[in-house]
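User: Hi! I am new to reading protein structures and would like to learn how to look at one step by step. Could you walk me through this one?

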Amino acid sequence: MSLPRLSGILLHPTSLPGSYGIGTLGKSAFAFVDFLERARVRLWQVLPLGPTGYGDSPYQSFSTFALNPLLIDCDLLSERGWARPTDIVPPSFIKAKGDVDFGAVVWWKMPVLRTCAEYFLDHANDADKADYAAFCKKNRYWLDDYAAFMSIKTHHDLQAAAESEKKGASVPGTWNVYWKKDLAGHDKSAIAAWDKAHREEIEHYKVIQFFAAAQWQTLKAYANGKDIAIVGDIPIFVASDSADVWANQPLFQLNKRGVPRCVAGVPPDYFSATGQLWGNPLYDWAAMKADGYQWWIARIKRQLELTDYVRIDHFRGFESYWAVPYGNPTAEQGIWKKGPGRALFAAIRKALGDLPLIAEDLGVITDAVRDLRDGLGLPGMKILQFAFDENECRAGNLVNAFLPHAYDKPCVVYTGTHDNDTTQGYLESIGDDKLALIASYVRGESVDAERAKKLRKNGALLRGLIALAFSSTAQFAIIPLQDVYRLGTKARMNMPSTSGKNWSWRMTDAMLAGEKADVAAAWLAELAVLYGRNGAER
């Protein structure tokens, strides 16, 4: 796949300002597209867009096909006549500014959206109802199971909460532990009976997905109309507590009770002595191959309806994946098992044509993984924060593969990602020797530690790293918005393997419009023109 030479900004919609409690697909999203246009930035990269589950992580979603209801903008629903203005007024504890408080937002917004869905069904005009019917028909392959899953889950979660309160201890509410056997086993007759008994509630879940899809497609069309493409993101694995696993159990490595036999993770390395235990159920690749990888084809097709490019997280798992026996407290006892390799991508390409995919190829990558990536013609990823780490040098080669002068394959360069500290935070955390080395590389001359500290303090060092990404041979240069505004560690999006305040950062109104935003946009536009990333040749 040949990529144009472009620049981009990484910002998840939940981080947008202006709306109550959480960023949405409302007016601020369109204003952000206008900011990108002024900055001559042609790419907007987002995180996974699915409904978030445990820990509010977009990488642990209740569905890989659905959209996150929390992204729906209630004001736009009202303006379109799909909601009463009086039904969407937020309570006083939901603030327009500040970081996302997911618990409060979910508590307030989900009932509001159900009320809006009921109003839509009763008051929508014929054209809107026809659009809704068409949406349901087109997306039936995932929407029916998703709506049923969420309905059943809501009821069983309430039961689990009551049981937990009674016992004084947490009772799991996941489908494979707490649901009745026939529903947990995705028995068609049991699901049909549930659907009949909860028809109105299930219809509301479908309407809410229609709301989200309508708003997202309007926003995407607006961006595309300004020659701005959306870069999406999907995890290789899906959450155990999801409609995806529940509705497709034969395609996963599960026992008869729906409990994983092995779960996903990565082995111990220099980042973690015990590895990373993600806990996602693993695919039964033989079963997927037997039906022509239809689930994966549907997944990629859906993502390419929502976005223009797709970054696939943990690409190395397609070559070999780390399987940890279920119940192990760490990832240390896993083994490597072969993935589907090129056969999967051959099936997807046969069904969908050329694939605008980006391979997240970070971590310990073998020659076999590199051969798979290069054989498929997929660009990998380069992270400038890794470029000065001696651990990232390949064996027998003193050149760190993340340094821009070492790029010898198609790639996408980032200063950092959602899992890294902000680059300013990173620069403030490293020792004097490394700081001086980075400053010397950026400036093209010998820089001592004292001068490097001054360059860090006045922002010249971070600006130099961003310029370095723009000037590199990478096809895409993508910068987290926090780095554009030189924000410190408090603006970090995620700290892997922790819970609490992750995913909650939001930008301010001043970063979107006004003098501060104008200065940032002008600088990014200057870099885009200077280094040929403004899309002039597209």
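**A guided look at the model**

Analyst: Gladly! Let's begin with a side-chain contact: asparagine 494 and asparagine 502 are joined through their side chains by a polar contact of 3.2 Å. Please keep in mind that this is a predicted model.

User: Where along the chain is asparagine 494, and is the residue buried or exposed?

Analyst: Asparagine 494 belongs to the loop between helix 19 (481–484) and helix 20 (515–530). To judge burial, we look at relative accessible area, and buried means under 20%. Asparagine 494 has 6% relative accessibility, so it counts as buried.

User: Which residues does asparagine 494 touch, leaving out those up to four places away in sequence?

Analyst: Asparagine 494 touches His418, Asp419, Asn420, Asn502 and Trp503. Let's stay with Trp503 for a moment, since backbone angles are a good next topic.

User: How do I read a phi angle?

Analyst: Start from the general idea: most residues other than glycine have a negative phi. Now the cases here. Tryptophan 503 has a positive phi, near 70 degrees, and is not a glycine. Arginine 486 also is not a glycine, and its phi is positive at about 55 degrees.

User: Where are these two residues, and how buried or exposed is each?

Analyst: Tryptophan 503 lies in the loop between helix 19 and helix 20, and arginine 486 is in the loop between helix 19 and helix 20 as well. Tryptophan 503 is buried, with a relative accessible area of 6%, whereas arginine 486 is partly exposed at 35%.

User: Now to sheets. What is the strand order in the open sheet of eight strands?

Analyst: The order is 9-6-3-2-1-12-11-10, and the pairing is parallel. Strand 9 (357–359) and strand 10 (380–383) are at the edges; each has a single partner strand, so one side of each has no neighbour in the sheet. On average, neighbouring strands of this sheet are turned by 25 degrees against each other, direction ignored.

User: How many bridges join strand 10 to strand 11, and how many join strand 11 to strand 12?

Analyst: Strand 10 and strand 11 run parallel and are joined by four bridges. Lysine 382 stands opposite valine 413 in strand 11. Between strand 11 (residues 411–414) and strand 12 (residues 476–480), also parallel, there are three bridges. Here tyrosine 414 stands opposite isoleucine 478 in strand 12. Helix 18 (residues 460–471) packs on the sheet, touching strand 1 (6–10), strand 11 and strand 12, and its direction makes about 155 degrees with that of strand 12.

User: Which way do the side chains of strand 10 point?

Analyst: The general idea comes first: in a regular strand the side chains alternate between the two faces of the sheet. In strand 10, Gly380 and Lys382 point one way while Met381 and Ile383 point the other way, and all are buried. Lysine 382 also lies over the face of phenylalanine 402, at 5.7 Å from the ring centre.

User: Which other charged end sits over a ring?

Analyst: The charged end of arginine 299 sits over the ring of tryptophan 296, 4.8 Å from its centre.

User: What about the open sheet of four strands: what is its order?

Analyst: That sheet has the order 5-4-7-8, with antiparallel pairing. Its edges are strand 5 (276–281) and strand 8 (335–338); each has a single partner strand, so one side of each is left without a neighbour in the sheet. Neighbouring strands there are turned by 50 degrees against each other on average, direction ignored. Strand 4 (residues 262–266) and strand 7 (residues 320–325) run antiparallel and share four bridges, and cysteine 262 stands opposite proline 325 in strand 7.

User: Finally, how many aromatic pairs does a search of the whole structure find?

Analyst: The search finds 38 aromatic pairs. Among them, tryptophan 82 and phenylalanine 211 are stacked, 5.5 Å centre to centre with 20 degrees between the planes. The pair links distant parts of the chain, 129 residues apart: tryptophan 82 is in the loop between helix 2 (74–79) and helix 3 (102–123), and phenylalanine 211 is in helix 9 (residues 199–225). Tryptophan 82 is buried at 2% relative accessible area, and phenylalanine 211 is buried at 0%.

Key:
Residues numbered from 1 in each chain as written. Predicted model: local features only at pLDDT ≥ 70, side-chain atom pairs only at ≥ 80, totals over all residues. Heavy atoms only, no water. Phe/Tyr/Trp six-rings, centres within 6.5 Å; stacked < 30°, edge-to-face > 60°. Buried < 20%, exposed > 50% of the residue type's maximum accessible area, 1.4 Å probe, protein only. Lys NZ or Arg CZ within 6 Å of the ring centre and 35° of its normal. Pairing = 2+ DSSP bridges. Axes fitted to C-alpha atoms, helices over the stretch in contact; angles between N-to-C directions. Contact = heavy atoms within 4.5 Å. Polar contact = N/O pair within 3.5 Å; in protein donor to acceptor, adjacent residues only side chain to side chain.
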